[in-house]
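Open the model in your viewer and get ready to select residues by number. The tour goes from a strand pair to its sheet, then to two helices.

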Amino acid sequence: MKRADKSDKTRREAPTARRRIPFRAELQRQVTELVEQQAAISEVLRAIANSPHDLQPIFDTILANATRLCRAHLGALLLFEENDFYVVARRAPKNASPDALPLHRRLGLRPDTPLSRLAKKRTPIHDADLAADQSYLDRDLGVVFVVESLGARTSLLVPMLKEEELIGAITLLRTEVQPFTQRQIDLIADFAAQATIALENTRRERQYREVNMELAHATRVLALGQLSASIAHELKQPLAAIVTSGDASLRWLTRQPPDIEEAELALEDIIKAANRASDVIGRIRNLITNNPAHKELLDINAAILEVTALTHREAVKNGVTVHTQLADHLPRIEADRVQLQQVALNLILNAIQAMSELGDGLRELHISTDNAESEGVCVAVRDSGPGLSPESLRRLFEPFYTTKPNGMGMGLSICRRIVEVHGGRLWATGHASQGALFRFTIPAATGVISR
């Protein structure tokens, strides 16, 4: 009796066990897909973090993961501008035609095609079989090329939207009739959202840099306005020397007999004075131009000396004695000369203005450079002015914070931004007795030493 009961129980449990095996396989498949999707999203997020100014690696990573996870044979990431799409990233077999989804070429938005329907509806467009689509039957050239030259059959187009504004799309193609699942469509929608976020972040960063550059240009022009007397003095000296040497050379040449040797010496002085005036004008022109950043191998000592020459007259006018201590054999840095000179110019002028408020006492400005070992090159500007309060030290680099009656509060904020873009840091400390000390570092270029 017991044996019969056990046999009956076994027969009843057998169908349940058979149902359980497919269920477990399906569950395992879903778990595997979920893990793959999470890994793909992590990879995309890393690409976004590692390429804040370059969209191409982000687009390539998104598209590579989208085509792989959805088992697509071809894919493209499109941007939408001026009522047309163009390809910015693509995935295609190695043997695909060079004309397959051509990069940076406008596709042409023709009526009644999948792309035109996407632009109109701004929702995913899923064609289970492109060969049965009306646009193919009407022999639209673009759709015919995709079907007959690329071998595409199933097509998926998912829009990239920014507050209902169409800014692009992701398209996936299969070379067999195999519709995409709703889960895959939702996954591509997530990728499209990430591409949209990356695009907007980059656009905002570009706008921020443009605004920052405009502000930087404004502060340079303002500083040069303050230095107008110094600039006039710098130019007046060589121009006066040119006139004096010119008069002398005329006198030597009108003598009987002409003193050619003395005239030649006077002409050499004219050339030297003209070159000096040209150098002053060149420095001013470089500082006042509003060109994009241009990095080059730079001798920081030479750049600092150019700035101290421009500020010399301002220091004399305010009774400030300038001491420079520039280290020898510093490594060269890779930097934008104008931007770093703006930082030095701002720090030097701030120090001179701070000391000009002193009634009595020594007014000394110390400018030095040194090798900062692992941080590259360090530039220090120290003054003997009234110093910095704890509140000022805490807020010194905040935009629009200023201790000057007529200050904009942008100079130091822009300076810190410039230094950080160069991979360095800018900070301030109170001097032991009085005054303030500002320092900034810039990483050294590999294997290059200044003379």
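Select strand 10 (residues 377-383) and strand 12 (residues 436-442): they run antiparallel and are joined by six bridges. Strands here are DSSP runs of E, at least two residues; helices are runs of H or I, at least four; both are numbered from the N terminus. Now click V377, which stands opposite I442 in strand 12.

This is a predicted model: local features need pLDDT of at least 70, side-chain atom pairs count only at pLDDT 80 or more, and totals for chains, interfaces and linings use all residues. Residues are numbered from 1 along each chain as its sequence is written, and side-chain values use heavy atoms, with hydrogens and water left out.

Widen the selection to the open sheet. Its five strands have the order 7-9-10-12-11, with mixed pairing (two strands pair if DSSP finds at least two bridges between them). Strand 7 (321-326) and strand 11 (425-430) are the edges, each pairing on one side only. From one strand to the next, the twist averages 15°.

Next, helix 9. It lies across strand 7, strand 9 (364-371) and strand 10, at about 175° to strand 7 (angles run from 0 to 180 degrees between N-to-C directions; axes are lines fitted to C-alpha atoms, for helices over the stretch in contact). Helix 10 lies across strands 9, 10, 11 and 12, at about 150° to strand 9. Contact means heavy atoms within 4.5 Å.

Finally, show both helices. The axes of helix 9 (residues 300-317) and helix 10 (residues 337-356) come within 9 Å and cross at roughly 35°. Among the contact residues are I304 and V307 of helix 9 and L345 and I348 of helix 10.
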